[in-house]
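Reader: I have a model open and want to go through some of it. Can we start with strand pairing?

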Amino acid sequence: MGSLWTALEPLLPKVQKPARYIGLEDGSQRPDPQPGQVGWLMMYPDTYEIGLPNQGLQILYEIVNERPDAYAERSYAPWVDLEALMRQRNVPLFSVDTHRAAADFDLIAFNLSAELTYTNVLNCVDLAGVPVRSADRRAEHPLVAVGGHCTYNPEPIADFVDIVVLGDGEEVVSEITEVVREWKTGGRTDGSRENVLRALAQVPGVYVPSLYDAEFDGERLVGIFPRFPDVPEIVEKRTIADLGQWPYPRNQLVPLTEVVHDRLNVEVFRGCTRGCRFCQAGMITRPVRERPAEQVRSMVQSGLRRTGYDEVALTSLSTADFSGIEAVVADTVNDPLNCGQVSVSLPSLRVDAFTVGVAAQIQKARRTGLTFAPEAGTWRMRQVINKLIREEDLYGAVESAYSQGWRRMKLYFLTGLPTETDEDTLGIAELAKNCVELGRAHHKNPSVTVSLGGFVPKPFTPFQWFGQNTPVELQRKIGLVRDATKHSKGVQLKWHDPKATLIEGIMSRGDRRLCPVIEDVWRHGGTFQEWSEHFDHRLWVDTMAAHGLSVDWYVHRHRTEDEVFGWDHLSAGLHRDFLWQDWRDALDHLGLEDCRWTPCYDCGACTGYGIEHVVASAVPPAGGSQGTGQDRSSGGDVPVRLGVKPIAVGAP
Amino acid sequence: MTAPVPFRIRVRFSKLGKVRFLGHRDLARVWERALRKAALPVAYSEGFSPRPRLSFGLALSTAYESLGEYLDIDTWEMWPDLAAVPGRLSACLPEGIDVTAACAVSRSEPSLQQAVTSCTWLIDIVDISAADLGAVVDRALAAPTLMLERERKGNTVTDDLRPQVVALDVVGPTPTGARLHAELGTQPRTLRPSELLAALEPPLEEALVSRTHQWTTSDGARREILPLDATHPMHVGERAS
């Protein structure tokens with residue numbers, strides 16, 4: 001188990017950004033593996049800059065390294081320049097911590113956050129010197145594991161992975177370690193691979209695709225059935241009940257070279273019950289589990305001291321919903337030890353919960369970017385997707401931001417949503433123009449960047465029955481917004497390539513028949529498909545056709561109520577009839593209130609697992625209307641100046 | 001107009017091992033974090049996005065090692081106990097970056113960019129014997145000029161590098177080849193080891209390159225910007241003897 005560093009070192013002067021491959025981060029560990037210890041290689045299937053900040057992998061890296069019977073290191077997909085040199089000189093995939101060969105680990109565990117990284121998974125497994133198909137692996141090969149949001153439909157990569165882990169990894173990573181340790185102790189003899197996979201299938205939250213058969217009737221999926229009686233028919237996701245018990249990462253990695261989200265990140269809660277119907281994350285991570293505010297404070301404080309960062313992000317799916325968010329922000333910004341130099345960023349700021357108080361606190365230090373996500377251009381459309389932000393909510397938030405000194409903001413929108421009309425699409429342009437208008441009262445050159453993404457229906461959401469828009473239709477809608485904002489000074493439009501949206505759509509709700517497609521695209525050099533300079537739409541479409549598969553059938557077709565999905569044998573706790581009812585409600589423009597502060601709808605996420613929402617505050621936060629009809633002043637009146645008359649944020 | 005920042009601390013540091021692959025811009029960010037971790041006060045620039053006021057000397061190419069890198073740090077308050085600063089900062093820096101000296105310098109001292117007149121380099125060449133390398137060096141030093149064609153601002157220019165070569169000799173063999181010692185001028189512009197090698201006959205390719213010293217000239221005498229025993233508060237100018 002020697003280090004590959006001496007083989008790698010002469011290659012690094014020849015590649016871009018060699019610091020991606022050297023490790024040495026503050027917080028990194030250099031394990032000294034002992035016989036019998038289980039080795040995990042935590043792998044992100046994209047570049048170091050994208051992968052390093054991944055909090056899931058960092059959490060598991062620490063938990064495994066705290067175990068006496070295991071160790072963990074990290075790896076990221078080498079960029080194409082280094083990959084070419086590695087293949088030429090026969091240097092296999094390596095860890096960045098000690099530059100150990102990937103194949104020397106017992107498990108290679110990938111985080112899957114984006115469908116377009118699937119071909120990189122195959123490439124990394126191949127670079128490790130491991131057969132890409134699980135059926136071809138033997139006892140001497142590592143187990144290939146995947147976790148993360150994409151695993152709620154792992155069927156398109158079923159042939160390539162040994163185990164799939166659903167849900168929170170904090171507890172299950174240890175249970176898997178124990179099973180693999182037994183396998184190691186038994187000597188990993190010939191034929192023992194099947195045994196360890198059978199044993200892993202008994203661990204709740206672990207899905208072993210090779211132990212299931214997918215049955216088809218023509219194009220139609222009949223079902224995915226276990227091949228053995230001891231293998232569970234339904235695999236349930238894992239959920240940790242109390243985030244306060246898992247204050248990880250304790251030592252967040254501080255990269256030497258610049259990465260995305262290059263700051264201290266502290267997760268303030270997991271889960272979201274806002275119920276936005278397009279949002280898979282909000283559906284599959286329920287229930288809401290807040291971290292105790294005191295723990296957030298201490299993680300922020302000790303994290304800033306240790307890392308030397310001058311920015312901290314309080315992360316979650318909707319951070320302004322965190323009970324006591326204003327106090328935590330104020331404590332951080334006003335901490336004299338931070339010398340007034342620390343800024344706080346709140347990703348995923350909800351428009352209706354944005355308060356002047358929070359904004360004022362943040363801007364004491366450096367002002368970070370402001371991003372709001374109204375998601376749709378009209379009230380009607382926002383009712384369909386259950387993102388119940390009134391125009392006044394948005395304008396109130398934008399007005400307060402401008403009055404606090406921001407000049408630029410970003411607005412996120414989706415297009416291609418169910419029932420979307422051209423009026424809805426054009427509403428995006430209207431909102432953006434009105435926001436710029438509001439800014440003119442405060443600044444000479446206010447600017448609003450509109451970021452427009454094509455909607456991809458996801459498993460375990462109420463929109464899983466919806467047929468995705470074609471690239472032509474998405475392009476037309478983008479064109480509508482572009483034309484409507486062309487002459488508007490101050491509005492910048494950015495959009496996601498509809499062709500990439502199409503390929504994401506194939507895999508989002510695809511099945512096992514896509515495995516050969518993914519393998520072929522990879523064999524034809526289709527890696528780094530998340531990168532526009534490498535994305536090859538033609539290659540995907542041609543490969544689908546070569547395998548006799550219809551893009552239209554996978555992506556654009558509306559599903560019926562009785563359709564069997566390729567993820568029906570997996571469970572995020574959500575009842576299928578709850579999702580179907582929510583889909584019907586969407587088509588009827590019916591909003592659904594946030595269940596944190598209203599009675600339960602029995603979606604299944606809490607009751608199924610015997611856990612509950614963990615929320616410190618019994619009242620919704622200021623501005624948290626979400627169409628609940630609740631007394632929105634209960635979170636505290638927040639005066640905003642809109643024009644000359646002071647009003648409350650979000651007040652009608 | 002704002003008042004000028006009164007104090008400047010100059011530190012010398014090394015960059016050795018894996019961390020040699022860290023680029024110059026990333027190194028600056030590593031330093032910003034290290035200073036915050038060490039809780040040493042630093043003056044910030046004004047404006048919308050204030051940054052610590054740090055000025056680096058001559059940039060070191062990515063993948064080169066160094067025993068003599070320099071950084072000037074502006075501060076509103078003099079740091080206490082400069083003798084403890086190298087240890088305190090090294091503990092906050094990544095493995096391979098170690099602070100070896102720290103000194104207060106007068107704000108009237110020339111900047112590092114202006115002060116440095118030459119650098120000493122050790123340059124490893126693989127697959128060559130010390131004798132063959134010696135012959136290449138002798139040829140280069142015996143020739144009246146050492147011409148190199150290079151691209152500068154889109155134009156091809158031909159320069160004579162010879163006046164910039166202060167010293168050039170062979171240190172001896174290495175397990176994989178031989179090692180050159182070179183002192184190369186930095187004014188009016190820096191001569192890089194890779195440029196020197198490209199101008200040799202035949203042109204050579206560098207393996208590991210290390211900067212060992214950066215020199216300045218005062219009153220006709222060559223001296224190091226900060227010698228390794230320079231950790232005490234004193235103006236560099238006063239120390240020159």
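Author: Arg10(B) stands opposite Cys103(B) in strand E4(B). Strands are DSSP runs of at least two residues (E), and helices of at least four (H or I), numbered from the N terminus. The model is predicted: local features need pLDDT of at least 70 and side-chain atom pairs 80 or more, while totals for chains, interfaces and linings use all residues. Residues are numbered from 1 along each chain as written, chains are lettered from A and ligands numbered from 1 in written order, and side-chain values use heavy atoms, without hydrogens and water.

Reader: How many bridges join E1(B) to E4(B)?

Author: 8, with the strands antiparallel; pairing requires at least two DSSP bridges. E1(B) also has 8 bridges to E3(B), again antiparallel, where Arg8(B) stands opposite Asp74(B).

Reader: Is E1(B) mostly covered or not?

Author: Mostly covered, with 8 of its 9 residues buried, meaning under 20% relative accessible area with a 1.4 Å probe, protein chains only.

Reader: Switching to the interface. How many salt bridges between chain A and chain B?

Author: The rule finds 7, each a side-chain nitrogen of Lys or Arg within 4 Å of a carboxyl oxygen of Asp or Glu. One of them joins Glu9(A) and Arg20(B), with the closest N and O atoms 2.8 Å apart.

Reader: And Arg33(B), what is the nearest side chain of opposite charge?

Author: Asp262(A), 4.5 Å away; Arg33(B) is buried yet has no salt bridge. For charge, Lys and Arg count as positive, Asp and Glu as negative, and His and the chain ends are not counted. A polar atom of the Arg33(B) side chain does lie 2.8 Å from the backbone oxygen of Pro255(A).

How values were computed. Buried < 20%, exposed > 50% of the residue type's maximum accessible area, 1.4 Å probe, protein only. Polar contact = N/O pair within 3.5 Å; in protein donor to acceptor, adjacent residues only side chain to side chain.
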